[in-house]
Amino acid sequence: MKNANGCSYSVSDDLLIQHEVEVVQGILESKEQYRKVVKAAIGKWVKDFQSGHIEIKTVDDLKKLIELDIELQRCEL
């Protein structure tokens, strides 16, 4: 068979493309869930810091959370 561009393709090509789309969708959904977890953790950290439960010496934890959130955003397709 030929598509609109005159290139030939097969049912197996369609199935491969469909599979790749599903994989990418799964990855994007996972990243969205990870971002929700990271954002919740950042919110909790800030709340605990404001209430005095976290001292300034643990800022590295917040930095790691923020870096993870930025990395997840940057890797979006």
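This dialogue discusses two helices and an aromatic pair in a predicted model.

Reader: How many aromatic pairs does a search of the whole structure find?

Author: A pair of aromatic rings is described by the distance of the centres and the angle of the planes. In this structure, the search finds one aromatic pair. The ring centres of W45 and F49 lie 5.2 Å apart with the planes at 15°, so the pair is stacked.

Reader: Where do W45 and F49 lie in helix 1 relative to one another?

Author: An α-helix has 3.6 residues a turn, so residues three or four places apart point the same way. Within helix 1 (residues 11-50), W45 and F49 are four residues apart, which means that about one helical turn separates them.

Reader: Is W45 buried or exposed?

Author: W45 is buried, its relative accessible area being 9%. F49, at 33%, is partly exposed.

Reader: Which residues of helix 1 are buried, and what do they pack against?

Author: Alongside W45, the buried residues of helix 1 are K31, R35, V38, I42 and D48. The buried residues of helix 1 pack against helix 2. Helix 1 has 40 residues and spans 58 Å from first C-alpha to last, close to the 58 Å expected at 1.5 Å a residue. After helix 1 comes G52, with a positive phi near 90°.

Reader: Which residues are buried in helix 2?

Author: In helix 2 (residues 59-74), the buried residues are L62, L65, D69 and L72. Viewed down the axis of helix 2, they fall within an arc of 90°, so they line one face of the helix. These buried residues pack against helix 1.

Notes. Residues are numbered from 1 along each chain as its sequence is written. This is a predicted model: local features need pLDDT of at least 70, side-chain atom pairs count only at pLDDT 80 or more; totals for chains, interfaces and linings use all residues. Side-chain values use heavy atoms; hydrogens and water are left out. Rings of Phe, Tyr and Trp (its six-membered ring) pair if their centres lie within 6.5 Å; planes under 30 degrees apart count as stacked, over 60 as edge-to-face and the rest as tilted. Helices (H or I, at least four residues) and strands (E, at least two) are DSSP runs, numbered from the N terminus. Buried means under 20% relative accessible area, exposed over 50%, partly exposed in between (1.4 Å probe, protein chains only). The expected span of a helix is 1.5 Å times one less than its number of residues. The arc is that of the directions from the helix axis to the C-beta atoms. Contact means heavy atoms within 4.5 Å.
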